[in-house]
Protein chains: 2
Amino acid sequence: MNAPPLPVGSADIDAAAAVLAPFAVRTPLLSPPVLSERVGARVFLKPEVLQRTGSFKFRGAFNKLSSIPTSARAGGVVAFSSGNHAQGVAAAAQILNMPATIVMPADAPLSKRERTKGYGAEVVLYDRDREDREAIARGIAGKRGATLVPPYDDPMVIAGQGTVGREIVEDMIALGVEPDIVIVPVSGGGLVAGVATAVKARFPKAMVMSAEPEGFDDHARSLRAGKRQSHEAKGRTICDALMALTPGEITFTINSRLLTKGVTAADADVAAAVAFAFRELKLVVEPGGAVGLAALLAGQIEARGRNVVVVLSGGNVDADLYARLIA
Amino acid sequence: MNAPPLPVGSADIDAAAAVLAPFAVRTPLLSPPVLSERVGARVFLKPEVLQRTGSFKFRGAFNKLSSIPTSARAGGVVAFSSGNHAQGVAAAAQILNMPATIVMPADAPLSKRERTKGYGAEVVLYDRDREDREAIARGIAGKRGATLVPPYDDPMVIAGQGTVGREIVEDMIALGVEPDIVIVPVSGGGLVAGVATAVKARFPKAMVMSAEPEGFDDHARSLRAGKRQSHEAKGRTICDALMALTPGEITFTINSRLLTKGVTAADADVAAAVAFAFRELKLVVEPGGAVGLAALLAGQIEARGRNVVVVLSGGNVDADLYARLIA
């Protein structure tokens, strides 16, 4: 009995790679000796902090926007996001000459708000605890004839993020190394869905794992339960980028099939990972982007002796928070 | 009339590359769109912050230590350095199983002292204003039968640093791009001498420039005068790694032949470049490592429309200074 085909395949990611090639940064695959020695494994980093806009989100956004028919482009795009998707959509819209409106929580990091405006987007703020960002975005979309760009639950967005995995595969093949474990920070699950699609197509034995902040572990729970579960966190995490309540529908269709399990890291371990990246790796990583590295450094993953790839998904962090984290 | 051969040639750098290959990081060549757009040029970065020990210094140190005959290795090595050379020598000695003693100024950044000890070296502190570090190092070398590892004025050290230039050349050839300008942070001149040797061998029309902190401009002066000059700075600069008083003898023999000119950047521009690298490039760069980027961003270089390579030479900066620089 064959399982039904998944909503995104390797061919979709190949197509996204061609669309992205002139505009996205082809980020390198790094393998810092200091990290491999520390973990007792051969560790590779995919630093999406070096991507245009400082996170992987540009990839999915640009692929999605490029798929909007010319006739619908004048209406522009609208998106809701705590920050990195906002910048990705704004930067993609700027390149493609489309107006962009971004609905952001009023407590999003200032740097992410400012940078979003810097790409020429209009920013509309909402109250995270009292207002429904999706309803606000849909209202704007209806009024202006704009296309809503979902942060993760969309095949074109997932295919765009999948180019991260495609590049990992290319570079691992060039190195002649087979990945045993691939760890990806997760909020709605778009990045890990795309990465898993690309990685498992070439390395079916690789274990792809989602990484989430402790408490905000809806993917870990959902993967254990075999169906979408919400997390039960009441408060906040320093991983402002990773606060989605449940996995996406489309993303979980993929992730429930391709992921091995979900791991988590406590905020203190995330802070330590951000500081380690500053001190030893010389990479600026935001808390949410460091959650996979944190899980690895904190011993949450059986890595010893294995080939481990860790995605550093973003580096947009306010200077004052960063100063506290590295102190 | 042919000029006499220089003390380091391409073949020496090729040999160093072979020695370094199993141990040094092959750092990528980056080209962040945000930087190219800002400068109005096609800008490439060689991020030696990603090198083992967080600076290019590992390259020259490892090449030099590898050249010490087996019979002389038990005596170990001794070096004097404000920080990055210290770590380079200590890390190279650790890999090669040689004892290392490092003479460091008492006011060197704490992180550099601690990291040097972390590589297993013995650290001896001296007073920068009252003691002669070279005399102290020679004393230790004589007493212990240790080999003195000069920070820059040595052909093996220069050849090791030259592998930075060799990698730039390889990557530019792969990209099909010819560099017009190559900017390199300079203290004693070892890195720029090696880079210029490699770059000019393949791209003779490329203009290689030294970058120094304003006031500490002994290379800029010497290149203008055609002979070694001291700088006249009385105080300090935030570029703790770039305080050499005069160019080296061997390095200046090379640099006076190969370099186009020297540029400088004020401490305020260096601070702005460190902050730009944090905010936009997501790379941790120490002040001395950012002086070339600072000169470029501050408009000290006629870059518009050109292909410009900037070496980011190191990223070892104390967290408290870094927090102030990015605030």
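How many bridges join strand β2 (residues 77–80) of chain B to β5(B)? Two bridges join them, and the strands run parallel; strands are taken here as DSSP runs of E with at least two residues, helices as runs of H or I with at least four residues, both numbered from the N terminus, and two strands pair if DSSP finds at least two bridges between them. The model is a predicted one, in which local features need pLDDT of at least 70 and side-chain atom pairs count only at pLDDT 80 or more, while totals for chains, interfaces and linings use all residues. Residues are numbered from 1 along each chain as its sequence is written, chains are lettered from A and ligands numbered from 1 in the order in which they are written, and side-chain values use heavy atoms, with hydrogens and water left out.

The pairing of β2(B) belongs to an open sheet of four strands in chain B, with the order β4-β3-β2-β5 and parallel pairing. At its edges are β4 (122–126) and β5 (147–148) of chain B, each of which pairs on one side only. Helix α6 (residues 110–118) of chain B packs on this sheet and touches β3 (100–105) and β4 of chain B, its direction making about 175° with that of β3(B); contact means heavy atoms within 4.5 Å, and such angles, which run from 0 to 180 degrees, are taken between the N-to-C directions of lines fitted to C-alpha atoms, for helices over the stretch in contact. Within the pairing of β2(B) and β5(B), Val77(B) stands opposite Thr147(B).

Chain A also has an open sheet of four strands, ordered β4-β3-β2-β5 and paired in parallel. The edge strands there are β4 (122–126) and β5 (147–148) of chain A, each pairing on one side only. Two bridges connect β2(A) with β5(A) in the parallel sense, and Val78(A) is placed opposite Leu148(A) of β5(A).

Across β2 and β3 of chain A lies helix α5(A), which runs at about 170° to β3(A). This helix (residues 84–95) has 12 residues and reaches 17 Å from its first C-alpha to its last, close to the 16 Å expected, where the expected span is 1.5 Å times one less than the number of residues. Because 10 of the 12 residues of α5(A) are buried, the helix is largely enclosed by the rest of the structure; buried means under 20% relative accessible area, exposed over 50% and partly exposed in between, with a 1.4 Å probe and protein chains only. Among the buried residues are Asn84(A), His85(A) and Gln87(A), and what covers the buried part includes α3 (57–66), β2 (77–80), β3 (100–105) and α6 (110–118) of chain A. Just after the helix, Asn97(A) takes a positive phi of about 65°.

Two residues of α5(A), Asn84(A) and Gln87(A), are in contact with Asn316(A), a residue placed in the loop between β9 (307–312) and α14 (319–326) of chain A. Asn316(A) has a relative accessible area of 1% and is buried. Its side chain makes a polar contact with the side chain of Arg115(A) at 3.3 Å, and another with the side chain of Lys282(B) at 2.9 Å; a polar contact is a pair of N or O atoms within 3.5 Å, where within protein one must be able to donate a hydrogen and the other to accept it, and residues adjacent in sequence count only if both atoms are side-chain atoms.

The strand before that loop, β9(A), is mostly covered, with six of its six residues buried. In a regular strand the side chains alternate between the two faces of the sheet. In β9(A), Asn307(A), Val309(A) and Val311(A) point one way, while Val308(A), Val310(A) and Leu312(A) point the other way. Strand β1 (residues 42–47) of chain A runs parallel to β9(A) and is joined to it by six bridges, with Pro47(A) as the bridge partner of Leu312(A). Strand β6 (residues 181–185) of chain A is also parallel to β9(A), joined by three bridges, and here Ile183(A) is partnered with Val310(A).

Both Pro47(A) and Leu312(A) are touched by Leu283(A), whose contacts also include Leu50(B), Lys282(B) and Leu283(B).

Conventions:
Lists of a residue's contacts leave out its neighbours within four places in sequence.
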